Amino acid sequence: VMNGVARRIIDRLGTKIGYLLTVVWWSSAEVLHVFARGPVSLGICRFLLGAGEAGNWPVAVKVVAEWFPERERALAAGIFNSGSAFGALLAPPAVAFLTLQYGWRWAFGLMGCLGFIWAAIWALFYRRPASAAALVGPKPQPLPLRQFLRSRLIWQFTIAKIFVDPVWYFYTFWFPQYLKVSGGFSLKTIGETAWIPFLAADLGNIVGGYVGGKMLKRFPSLDVARKVTIIFFLALMGAGTLAASIATTPVALALASVATFGYTAALANMLALPADRVPSHTVASFWGFASMGSGFGGMLFSLVTGVLIDRFSFSPVFVLFGGIPAIACWLIWTLPDEHYS
């Protein structure tokens, strides 16, 4: 829900203030976890954390749209998105260490404090590009909600994300549980191994952005180049996940790395796509609307994941998340040729 709210706030406030407020909210919610005393208070903290996180992607995409031309956007998006994967890479060993040594509250408290440090650095040093700062005249307004709701491009892109992002959520939230249940891994062993797919994801961000830029030179059409690159890496993500359904746990760990590599490589180009179609003052609205849809998709597929694991095993879950990227590939390939000014 907050993805839909944050998109308009960020397009109106701009990147500097919008990002500052987003990270301060997120960090405050993270620190609040220290004071949770039961499932209800913990759930409230998780809700507030998700509300704060929602602003990150729309404003990050907007920053890329302001600073980079179309041929550089996929690589720029891949670089900033690598921060997310790098954080996920550090999280298993760091959280396992803090939890085993000091208790789980330290993990939340420390991460929240790091967020405040980041926000202070952003407030002190970030500046808008000269080209954007030099603009004069009335401030452009985001597309009205009515126009969003009538756009086939936005709806189709949103639905595509519904069948892409839950695969990443599965690896982020459920894969450690898979290592515990199917492989008998202890918390210590999970901390030592669960970071591997996220190292692959970091590489995917950079490789996907680099390949996306190269593809723009090979295809006369920006639209076709972007679509072909996204579909190739989504297919890689699906193939790795499907193969993991019949693999042993150590092999599944390697195949999960293939899948996370494919996801972030595709995402680097998907992050650049809104800026290809809409002006920079509307990019956050576009991406926020699409992310709101993927959030609801993540909720649905998380419930389905729990049911499948309880009644069967992890194998049908791998089959599910290996198959749904095919739907996203078709939706991306058939995106209509709509542009907005």
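## Exercises on a helical model

**Exercise 1.** Explain why lysine 227 and aspartate 223 are separated by about one helical turn.

*Solution.* Lysine 227 and aspartate 223 are four residues apart in helix α13 (residues 222–244), so about one helical turn separates them. Keep in mind as you go that you're looking at a predicted model. Next, check the contact: lysine 227 forms a salt bridge with aspartate 223, with 3.1 Å between the closest N and O atoms. That fits the cut-off, which asks for a side-chain nitrogen of Lys or Arg within 4 Å of a carboxyl oxygen of Asp or Glu. Now for the cover. Lysine 227 has 6% relative accessibility, so it counts as buried. Aspartate 223, at 23%, counts as partly exposed.

**Exercise 2.** Work out how many salt bridges the count comes to, and say whether lysine 161 is buried or exposed.

*Solution.* Start with the general idea: side chains of opposite charge can pair when their charged atoms come close. Here the count comes to two salt bridges. You've met the pair of lysine 227 and aspartate 223. There's also a salt bridge between lysine 161 and aspartate 165, whose closest N and O atoms are 2.6 Å apart. To judge the cover, use the cut-off: buried means under 20% relative accessible area. Lysine 161 has a relative accessible area of 2%, so it is buried. Aspartate 165 is buried as well, with 5%.

**Exercise 3.** Find which helix gives the largest share of the positive patch.

*Solution.* First list the members: Arg71, Lys214, Lys217 and Arg218 form this positive patch on the surface. Then look at where they come from: helix α12 (residues 196–218) provides the largest share, three residues. Take lysine 214, which is found in helix α12. With 37% relative accessibility, lysine 214 counts as partly exposed. Glycine 208 sits in helix α12 too, but at 0% relative accessibility glycine 208 counts as buried.

**Exercise 4.** Decide which helix gives the most to the nonpolar patch.

*Solution.* Gather the residues first. Val1, Val5, Ile9, Leu13, Ile17, Leu21, Phe296 and Met299 make up a nonpolar surface patch, and together they have about 750 Å² of accessible area. Next, sort them by helix: α1 (2–13), α2 and α15 (280–311) each supply at least two residues. The answer is α1, which gives the most, with three residues. Valine 5 is found in helix α1, and its relative accessible area of 38% makes it partly exposed.

**Exercise 5.** Give the C-alpha separation of valine 31 and isoleucine 44, then that of glycine 208 and alanine 29.

*Solution.* Valine 31 lies in helix α2 (residues 15–32) and is partly exposed, at 24% relative accessible area. From valine 31 to isoleucine 44 you go 13 residues in sequence, and their C-alpha atoms are 13 Å apart in space. Glycine 208 and alanine 29 are 179 residues apart along the chain, with 32 Å between their C-alpha atoms.

**Exercise 6.** Now step back: say how many helices and strands the protein has, and why it is as compact as a globular protein of its length.

*Solution.* The count is 17 helices and zero strands. The radius of gyration is 20 Å, close to the 20 Å that the globule rule gives for 341 residues, so the protein is as compact as a globular protein of that length. Along its principal axes, the C-alpha trace spans about 60 × 45 × 35 Å. Finally, 50% of the 341 residues count as buried.

Definitions and conventions:
Residues are numbered from 1 along each chain as its sequence is written. This is a predicted model: local features need pLDDT of at least 70, side-chain atom pairs count only at pLDDT 80 or more; totals for chains, interfaces and linings use all residues. Side-chain values use heavy atoms; hydrogens and water are left out. Buried means under 20% relative accessible area, exposed over 50%, partly exposed in between (1.4 Å probe, protein chains only). The radius of gyration is taken over C-alpha atoms; the globule rule is 2.2 Å times the number of residues to the power 0.38. Patches are made of residues with over 30% relative accessible area and no salt bridge: like charges are joined within 9 Å, nonpolar side chains (Val, Leu, Ile, Met, Phe, Trp, Tyr) within 5 Å. Accessible areas come from the Shrake-Rupley method with a 1.4 Å probe; for residues, only the protein chains shown count as cover.
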